[in-house]
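User: Please take a close look at one part of this model, the small open sheet in the first chain, and then set it beside the other parts that can be described with some care.

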Amino acid sequence: MPPYTLIIGLETHVQLSTATKLFCRCSTKFGALPNTQTCPVCIGMPGTLPVMNREAFELSLRTALALNCSIHQFTKWDRKQYYYPDLPKGYQISQYDLPFSYEGWLEIQAPLSLGQGNGAGAEGSAGTATPSPQHAPPQRGRGSLVSKRIRIIRAHLEEDAGKSTHDETAGVADSRIDLNRAGTPLLEIVSHPDLRSAAETRAYLAELKLLLTYLGVSDCNMQEGSLRVDANINLHIDTPQGKIATPIVEVKNMNSFRAVERAMEYEAPRQYEVWQETGQKLGDVPKQTRGWDDVHERTYGQRRKEESSDYRYLPDPDLVPVTISAEKLEQLRATLGELPAQLRTRLESTYGLTAYDSEVLVNQGRELVDYFVQLAELCGNGKQASNWMQQDVMRVMGEQHLSIAEYPIGPAALAELLKAVKAGELDTTRGREVLARMLVTRNSAAVVIQDLGIEKVDESDMYALCQELLNANPKIVDDLKSGKQQAAGSLIGQAKKRNPNINPARFREILAELVAREPTS
Amino acid sequence: MRLVEQTATQLLAQLNAGEVTSLELTRACLDQIHRVDSRVKAFLRVRSDAAIATAEEIDQRRKNGQPVGRLGGLPVAVKDLLCTAGEPTTAASRMLEHFHPPYDATVIARLRSADAVIVGKTNMDEFAMGGSTENSGFFPTRNPWDLQRTPGGSSGGAAASVAARMTPLSVGSDTGGSIRQPAGLCGITGLKPTYGRVSRYGVIAFASSLDQIGPLGQTAEDVALLLEVIAGHDPLDSTSVARPVPRYTQSLREPLKNLRLGVVQEHYGEGLNHEVAAAVREAINVYKSLGARIVEIELPHARYGIATYYVIAPCEASSNLARYDGVHYGHRADEKRLITELAVERARLEQASDQAGLDRLDNALVKLYRRSRAEGFGAEVKRRIMLGTYALSAGYYDAYYVRALKVRRLIRNDYDAAFKSCDLIVGPVTPDTAFNLGEKSADPLSLYLVDLYTVTANLAGIGGIALPCGMSKAGLPIGFQLQGPAFTEETLLRAAYMFQQATNGHQHPPAIVTTNA
């Protein structure tokens with residue numbers, strides 16, 4: 001076990017899914033030809049002025065509320081000033097000392113750590129993660145997950161910059177700027193350094209993404225840059241002299257959750273080695289920025305100019321401060337709906353699902369959960385509904401790349417089938433056959449059952465068939481009597497051939513009963 | 001009286017009565033420009049053909065009995081700080097020499113839809129920074145009353161255009177006095193509206209929290225006419241205020257009863273030319289004779305106005321002007337030369353194994369920024385960018401910017417308190433009459449002091465109007481200023497109108513108008 005604890009805090013930039021940009025009415029759609037979604041305002045043309053997009057602000061407020069943040073009643077805009085070709089005004093409109101929200105938390109389902117003594121309640125460098133209080137849901141049944149609150153320092157709204165691409169082909173250094181993205185609303189969510197492992201970091205991001213998806217505030221597409229993550233990471237090393245904190249490193253350019261996880265896994269031993277070599281502690285050297293190389297799966301130092309960045313923040317005189325009334329907040333709070341954490345708890349308590357099952361369903365998004373709830377209500381069995389959702393519905397969705405809305409069979413039609421299975425009218429295997437056929441024909445379960453000639457086999461017919469087969473197979477009777485249970489399989493197979501409608505489970509019971517009565521030969 | 005010598009109000013009446021056409025009037029203005037502007041140099045660009053086409057179009061509509069806008073074909077000159085679609089808009093800076101905005105400023109759009117004929121763009125101090133129009137990146141403008149003197153600034157071209165009767169109206173901007181001071185020095189009427197009264201959209205920003213667009217004309221009546229057209233809420237400018245625009249021209253003739261005029265004793269201290277002081281006192285006497293009551297008031301923090309202004313304005317300017325870096329906007333330095341020089345310098349340092357020198361060497365992008373800005377901006381603009389950058393830097397921000405904001409609040413509070421006991425404040429607009437070209441160039445601080453009486457209105461966000469009240473012995477106009485609480489333009493204009501009805505100083509044009517060149 002390594003003698004250190006990882007201390008990780010994340011800065012997450014979330015592109016809000018507004019139709020238009022933060023300070024003008026240009027489209028935010030991804031993938032258009034470069035510089036076609038621009039106007040005088042977002043390209044910073046002399047004389048233009050920003051006008052705040054109220055929708056973006058409301059989406060941000062909703063997110064902050066869902067992150068349990070406090071909201072400032074009065075918030076303002078600041079200019080963060082630096083020179084870069086993809087920043088046409090020479091400043092980015094952001095929020096500096098009066099962000100609209102502060103001090104919240106996100107509850108994550110953290111994997112229980114293997115060793116390292118991390119997990120809920122481990123010590124942080126800038127504070128301590130609050131362990132779940134008593135009113136939080138109990139630790140989850142799966143055993144490997146534990147609830148943990150990751151504290152949020154602040155969430156603020158800002159405009160995105162444009163995109164620079166550099167052609168580094170030898171001799172033809174060529175840089176191009178696309179300003180389609182310039183002015184797109186970005187919500188920056190800054191966590192406390194409460195994360196203690198790569199797996200926790202991933203869990204935090206997954207939960208955050210899920211929350212944002214439920215809120216409908218972002219599509220969270222990391223490839224398209226809708227979700228960008230910078231991680232601040234250092235180590236707390238146990239030494240005989242006590243705990244030593246190593247210098248903080250900021251890791252950038254991580255394009256996927258996996259990349260974040262791998263980068264954190266890479267950084268921990270690297271920083272430990274550096275400490276062993278140099279003995280550098282927190283405060284001995286300035287914060288280092290490292291990039292993530294996805295191909296070689298390693299971080300690398302990014303060259304930084306000596307001059308420390310002084311952003312010369314200035315309240316933006318072109319924008320009026322925003323005031324948020326308590327009334328407005330309550331209104332927005334009412335629109336949040338049931339969020340993932342609450343939803344999981346409800347699925348577990350109302351439908352008797354395990355933590356694992358509720359996690360799987362909730363992670364699929366609100367529409368799928370709605371489908372599940374309807375199905376469970378209609379068929380009257382949550383566990384059965386959950387199994388069919390996971391093993392059948394989601395499998396087909398995955399294979400055919402369908403959303404739940406596109407899945408051809410509605411919850412009522414599926415519930416009809418599930419009820420028939422539950423009532424023993426057909427077994428699960430035949431039920432699957434029926435479902436497969438329903439998907440093709442779009443007919444109801446009843447129709448398909450009839451088409452396939454499925455009908456419940458009379459008990460007396462089953463006894464008769466069983467006896468007949470036993471009589472014809474004395475060898476099998478002997479095998480069964482001597483405890484060779486697998487011998488039953490061949491008999492059931494023969495029975496199914498004779499009558500495809502027999503319920504194999506019931507047939508097996510009858511078989512056992514009849515064999516027991518059979519005299520030993 | 002020649003057509004061009006008449007006021008906008010008189011001309012509008014004739015236009016509407018069909019006694020004169022917009023084309024005749026526009027041609028008369030263009031002729032006047034042709035006659036005098038080679039000496040005055042008020043215009044950076046004259047749009048002769050476009051103006052004539054617009055005038056003809058308006059005349060045609062009037063002839064057809066179709067609706068014609070409120071300005072009815074009156075020629076107007078516009079400070080080159082306001083964006084005009086498809087035409088150069090330079091802010092009198094070499095930096096923007098080739099900038100052609102693709103859009104109209106809101107004020108320009110309002111002028112067009114009111115059927116103004118925009119005859120040209122007027123000269124100014126570069127990015128509106130200055131009080132003499134000598135800081136123009138192209139050429140200085142001269143005072144029509146004495147061509148050796150400055151018309152003031154930064155809206156010097158706009159003021160000179162009206163004073164030399166090249167246009168009956170012009171549009172200027174006022175960040176620290178840039179409408180009122182040149183109006184005072186050129187013997188015309190100029191109004192700085194309340195902050196938020198007129199849209200700033202499309203106005204190349206100098207100091208966003210102080211900039212305000214306003215009208216210049218011969219009389220309060222003319223100024224009221226133009227303000228009525230350009231004022232009003234603009235959804236494209238969040239700082240513009242959604243308040244109805246009064247019909248200034250209609251209430252104008254109504255004299256103010258029981259007018260209480262505040263007088264500030266400190267205005268008459270050191271630095272005020274005695275001729276100016278006497279003329280302003282005389283103006284106050286006129287008001288007394290019209291029944292106004294004089295109230296002594298105090299603006300104890302006004303003396304910090306210049307200092308406060310010269311922190312806040314440069315801070316905002318340093319930010320607003322960051323975009324002129326040669327990459328997206330503004331003059332771009334010769335890249336090929338720059339890259340070659342950089343390579344030579346690098347080779348030299350490498351040969352000398354000068355690692356420190358190599359570390360200090362700018363990359364090509366930074367060098368492009370530096371050189372483009374060095375070449376594109378004039379000295380005064382650079383001075384203010386440096387002042388602002390310094391004041392906003394870490395460690396200085398609280399001592400300068402935050403402190404200046406606090407004083408700004410105190411100045412505003414002073415006004416609020418003063419306006420409890422008076423309706424308007426009367427006083428000088430400039431400490432002296434027009435100064436000679438070059439006279440203050442070597443000493444920027446002395447030039448900053450010409451804004452002494454005007455900056456506080458910008459800091460407080462209130463309105464002010466400058467109007468003529470006499471002539472110096474040297475034959476130069478003397479103006480005075482009225483300031484009123486926020487959104488009392490109506491009162492300011494009525495008070496100015498009262499004064500102009502009782503006196504006739506404003507009707508007398510400079511010699512350049514009446515004599516042949």
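Analyst: What follows starts with the sheet, moves to a hairpin in the same chain, and ends with the second chain.

This is a predicted model, and a word on confidence comes before the details. Chain A has an average pLDDT of 89, with 91% of its residues scoring at least 70. Residues 115-142 of chain A, however, have a pLDDT below 50, although this stretch makes 63 contacts in the model beyond near neighbours in sequence.

The sheet itself is open and consists of three strands of chain A in the order S5-S4-S16, with antiparallel pairing. Because strand S5 (91-94) and strand S16 (314-315) of chain A each have a single partner strand, they stand at the edges, and one side of each is left without a neighbour in the sheet. Strand S4 of chain A, which covers residues 78-81, pairs with S5(A) in the antiparallel sense over four bridges, and within S5(A) it is A:Ile93 that stands opposite A:Arg79. As background, strands of a sheet pair through backbone hydrogen bonds, either parallel or antiparallel.

An antiparallel pair is also formed in chain A by strand S14 (residues 288-293) and strand S15 (residues 298-301), which are joined by four bridges. A:Arg290 has A:Gly301 in S15(A) as its bridge partner. The hairpin made by S14(A) and S15(A) has four residues between the strands, and A:Glu297 takes a positive phi near 50° there.

Turning to chain B, the domain assignment gives domain 1 as 3-265 + 420-509 and domain 2 as 306-385. The C-alpha centres of domain 1 of chain B and domain 2 of chain B are 35 Å apart, and the contact takes 27 residues from domain 1 of chain B and 21 residues from domain 2 of chain B. On the side of domain 1 of chain B that touches domain 2 of chain B, the elements giving two or more residues are helix H16 (444-448) and helix H17 (455-460) of chain B. By class, that side of domain 1 of chain B has 15 nonpolar, eight polar and four charged residues.

Helix H18 of chain B, residues 489-502, has 14 residues and reaches 20 Å from its first C-alpha to its last, close to the 20 Å expected at 1.5 Å a residue. H18(B) is mostly covered, with 11 of its 14 residues buried; among them are B:Leu492, B:Leu493, B:Tyr497 and B:Phe499, together with B:Glu489, B:Glu490 and B:Arg494.

Technical notes. Residues are numbered from 1 along each chain as its sequence is written. Chains are lettered from A and ligands numbered from 1 in the order in which they are written. This is a predicted model: local features need pLDDT of at least 70, side-chain atom pairs count only at pLDDT 80 or more; totals for chains, interfaces and linings use all residues. The expected span of a helix is 1.5 Å times one less than its number of residues. A residue is buried if 20 or more other C-beta atoms lie within 10 Å of its own, exposed if 12 or fewer, and partly exposed in between; C-beta atoms are placed from the backbone. Domain bounds come from an automatic or database domain assignment. Two residues are in contact if their C-beta atoms, placed from the backbone, lie within 7 Å. Ala, Val, Leu, Ile, Met, Phe, Trp, Tyr, Cys and Pro count as nonpolar, Asp, Glu, Lys and Arg as charged, and the others, Gly among them, as polar. Two strands pair if DSSP finds at least two bridges between them. pLDDT is the predictor's confidence in each residue, from 0 to 100.
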